[in-house]
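Subject: Handover of a structure and notes on its fold

Dear colleague,

Please find below the structure that I am handing over to you. My notes on it come after the sequence and coordinates.

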Amino acid sequence: MSIRTSGAAAPGKREGDVHGTGRAKIGDVAAEAGVSVTTVSHVISGRRPVSAATRARVEEVIHRLGYQADPSARGLRTQRTRTLGLVVPDLANPFNAELAVGMQEVTLAHEYLTVVCEAPMGGPYLPAVLRQLAARRMDGIVLGRYGATRADLALITGSGARLVRLGGPLAAGPGDVVRAAEVEGMRDLVRHLVRDRGYRRVGFIGGEQGVEPGGERFQGYREALTEAGLAIPGDLVLWTSFTRAGGRTGAARLLAAAEPPDALVCANDLIAIGALDACRERGVDVPGRVAVTGYDNIDAASLVSPALTTVLNPAREIGRSAARILLERLDGDDDGPAREVVLAHRLVTRESA
């Protein structure tokens, strides 16, 4: 009796499973390619030179066998999890989504995973999130959540994770800092309103008071008005939340003032979009009756009507820069002095002012 076999894998064995164990191993790749396990490792990591011909042969075998490196096994050898955390206050804010995209562009290229967590303002959210990240042994954490206390920062550094803060002065805590030029950006925006557009009664709607970047942006607003010889209109400065709802409520209050503003400067684009809602509901023409400006230049800033004048805050590049710093620390520059990276802003003029 003859037995014929098809090209299909035998039961319990699949394509890429050379030993029937369910998963190809690095030794299987080395044997098939006729090289050492060390050479395969160098091809995968890219950290050591390998000839083009050898690299091509190994990569072909990796693809054919479906080999995937086991991060948990690598972690046992290196005492790393190859995971980095990003903590932000509001995942609904497109700016924070751009941060995450930029960070992941860098981390995936270096075989690290980015874990994104939300820690809303107020309550026990931030310490709870940080405790969970520490328990999972993050190699590094990017803290894009403003209002962190010294105890919050100690939770990160005490776990052994490297830290990058997205904002605030370098001396305010441990770790490196990546930030945009917040004061300068808002100063340029208010200069545009006053010097180029002729507005004189300029109101300000911030986020939560005492929480950055609202304070830095308010400083830029104040400096530009002082430079122009204009008084700070205390009755037109309002602190709310970094949300569309906050902007809507805040703008409604300022528009009802005895002497309403002729321009509304908002601490981010979501606040500004809410301010546009309030103007539309009250039949207030923008910019004919009142100018409205934002900050960050999220995609929606160009989609609303009228399109927002704002400041480009390079969220994706901030994420990339933070990830690069963490990886540099993990790759051997861990003892160097704390670093501060300040990224350029740009005024974006549109229809609203």
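The notes below move from the overall composition to the two sheets, their helices and the cysteines.

This is a predicted model, in which local features need pLDDT of at least 70 and side-chain atom pairs count only at pLDDT 80 or more, while totals for chains, interfaces and linings use all residues. Residues are numbered from 1 along each chain as its sequence is written, and side-chain values use heavy atoms, with hydrogens and water left out.

Overall composition

The protein has twelve helices and twelve strands; helices (H or I, at least four residues) and strands (E, at least two) are DSSP runs, numbered from the N terminus. Of its 353 residues, 46% count as buried, where buried means under 20% relative accessible area, exposed over 50%, and partly exposed in between (1.4 Å probe, protein chains only). The protein exposes about 16800 Å², and carbon and sulfur atoms supply 52% of that area; accessible areas come from the Shrake-Rupley method with a 1.4 Å probe, and for residues only the protein chains shown count as cover. Among contacts with a separation of 6 or more, 68% are between residues 24 or more positions apart, a contact being heavy atoms within 4.5 Å.

The six-stranded sheet

One open sheet holds six strands in the order β2-β1-β3-β4-β5-β11, with parallel pairing. Strands β2 (113-118) and β11 (340-343) are at the edges with a single partner strand each, so one side of each has no neighbour in the sheet. On average, neighbouring strands here are turned by 20° against each other, direction ignored. Two strands pair if DSSP finds at least two bridges between them. Axes are lines fitted to C-alpha atoms, for helices over the stretch in contact, and angles run from 0 to 180 degrees between N-to-C directions.

Strand β1 (83-88) is mostly covered, with six of its six residues buried. In a regular strand the side chains alternate between the two faces of the sheet. Thr 83, Gly 85 and Val 87 are on one side of β1 and Leu 84, Leu 86 and Val 88 on the other, and all are buried. Six bridges join β1 to β2 in parallel, and Thr 83 has Leu 113 as its bridge partner in β2. The chain passes from β1 through α5 to β2 in a right-handed β-α-β crossover; right-handed means that, with the strands pointing away from the viewer, the path from the first strand over the helix to the second runs clockwise.

On to β3: four bridges pair β1 with β3 in the parallel sense, and Val 87 is matched with Leu 143 of β3. Strand β3 (residues 140-143) is in turn joined by four bridges to the parallel strand β4 (residues 162-165), where Arg 162 stands opposite Gly 140.

Two helices lie across these strands. Helix α5 (residues 94-109) covers β1, β2 and β3 and runs at about 170° to β1. Asn 96 lies in this helix and counts as buried at 6% relative accessibility. Apart from neighbours within four places in sequence, Asn 96 is in contact with Val 88, Pro 89 and Asp 90. Helix α7 (residues 150-158) lies across β3 and β4, at about 145° to β4.

The four-stranded sheet

A further open sheet has four strands in the order β7-β6-β8-β9, again with parallel pairing. Its edge strands, β7 (237-239) and β9 (291-293), each pair on one side only. The twist averages 15° from one strand to the next. Four bridges link β6 (residues 202-206) and β8 (residues 263-266) in the parallel sense, with Cys 266 in β8 as the bridge partner of Ile 205. Helix α9 (residues 214-227) packs on this sheet, touching β6, β7 and β8, and makes about 170° with the direction of β6. Helix α10 (residues 244-255) lies across β6, β7 and β8, running at about 150° to β6.

Cysteines

A search of the whole structure finds zero disulfides, a disulfide being a pair of cysteine sulfur atoms within 2.5 Å. For Cys 266, the nearest cysteine sulfur is that of Cys 279, 8.7 Å away. Cys 266 is buried at 0% relative accessible area, and Cys 117 is also buried, at 18%.

With kind regards
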